[in-house]
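Trainee: Could you take me through one part of this model up close, and then show me how the rest fits around that part?

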Amino acid sequence: MSAATSPAFVDQVLALMKSRRVCRVFTDEPVSDEHLRTLTEAARWATSGGNRHLHKFLVVRDPETLRRVRSVSPGMQVLPPAMIVILTDLEVAARESLQMDHDHANWMDVGTAAMNMMNMAHALGIGTCPVTSFSRSGAAFMLGLPPHLIPEWILIAGHPKSQERVLRADAPKPVRARDLTYWERVGQHEPQPR
Amino acid sequence: MSTSEPPIGPMVLTEEQAFDLLAFLFSSAEICLVEPTYYGTFRLIDAASRLMGYMLEHDPERSAQFVRHFKEEVDTKKGWMMWDREGYYDFLRSAPAVVAAELKRMEADRQLTAEPSKS
């Protein structure tokens, strides 16, 4: 059995995934360039439909640019120390003859890169929050993007500050994997003996 | 030509803060076209929270205490949209009355300070 499939390693990976939370409060401490580079490395190794590598990753640390992008990003609840913007490269899309209005692989690739970055950030002790609610045209302008690069998704990152989640006593309980999973047929939440 | 009276009370927003809020509101309007409808309520509440944050930076004499406490409540309960939808909707239904009560209190205070005692 290789190290990558040892039970201890599997437990570590699952524990990492289960303990990650969206972080909406950061300290003022900057995220190091080394950590940001590691996040883009994680994004690069995400699955990429057809090995096309349709996306670019724009790292932003400049406080003024961050502030301006936040002003057109209602989903960005706080001003972060850093962010990474996933951009769709329309020149690559044209070269690959992609039908952007119909090809869901574009979104799949954004998602896989995003998840790799969020899990890697958690492993590094960096808090992250995905931002999908922003004005594409506003963000493109604030970032000075050329027309062939479209901002699709933003990851804000920083050193997490503890945050207490206050909920009502009768608030719904967290969803479980079992609730979302069917075995063999819809409605069967547990596997039957084979 | 406007015939409105000059504003009463201190200004509680700089031009830069006002434009930040404008950018937020126009961006929210754009993304409301594609997001779930109830997100629109969240954008409005979030804009209100940002407005209260800007107000607090100017320490409004008459309303600072109310704004500080209410912003805290808003920032806690707006998050319920993701974890406790019914609790969030209950908050939306109750919030206007809270603001209305503060408006009424401020108006009463203003009248008390503006009018000499008739007794």
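Mentor: Sure, let's start with A94(A), which sits in helix α4 of chain A, residues 90-95. Keep in mind that this is a predicted model. A94(A) counts as exposed because it has just 11 C-beta neighbours inside 10 Å, and the cut-off for exposed is 12 or fewer. Along the chain, A94(A) and H148(A) are 54 residues apart, yet their C-alpha atoms are 9.9 Å from each other in space.

Now for the buried side of things. As a rule, nonpolar side chains in soluble globular proteins tend to be buried together. Here the largest nonpolar core has 35 residues, and the members touching the most others are M83(A), M117(A), L155(A) and A157(A). Several elements of chain A put two or more residues into this core, among them the strands β2 (82-89), β3 (127-131) and β4 (149-158). Helices α2 (33-44), α3 (63-71), α5 (105-124) and α6 (136-143) do so too, and α5(A) gives the most, seven residues.

Look at A157(A) for a moment. Beyond its neighbours within four places in sequence, A157(A) is in contact with V31(A), P80(A), A82(A), M83(A), I84(A), A121(A), I126(A), G127(A) and T128(A). Apart from the largest core lies another one, of five residues, including F42(B), W80(B), Y88(B) and F91(B).

That brings us to where the chains meet: 13 residues of chain A are in contact with 14 residues of chain B. On the chain A side, seven of those residues are nonpolar, five are polar and one is charged.

How values were computed
Residues are numbered from 1 along each chain as its sequence is written. Chains are lettered from A and ligands numbered from 1 in the order in which they are written. This is a predicted model: local features need pLDDT of at least 70, side-chain atom pairs count only at pLDDT 80 or more; totals for chains, interfaces and linings use all residues. Two residues are in contact if their C-beta atoms, placed from the backbone, lie within 7 Å. Ala, Val, Leu, Ile, Met, Phe, Trp, Tyr, Cys and Pro count as nonpolar, Asp, Glu, Lys and Arg as charged, and the others, Gly among them, as polar. Helices (H or I, at least four residues) and strands (E, at least two) are DSSP runs, numbered from the N terminus. A residue is buried if 20 or more other C-beta atoms lie within 10 Å of its own, exposed if 12 or fewer, and partly exposed in between; C-beta atoms are placed from the backbone. A nonpolar core is a set of buried Ala, Val, Leu, Ile, Met, Phe, Trp, Tyr and Cys residues joined through C-beta atoms within 7 Å.
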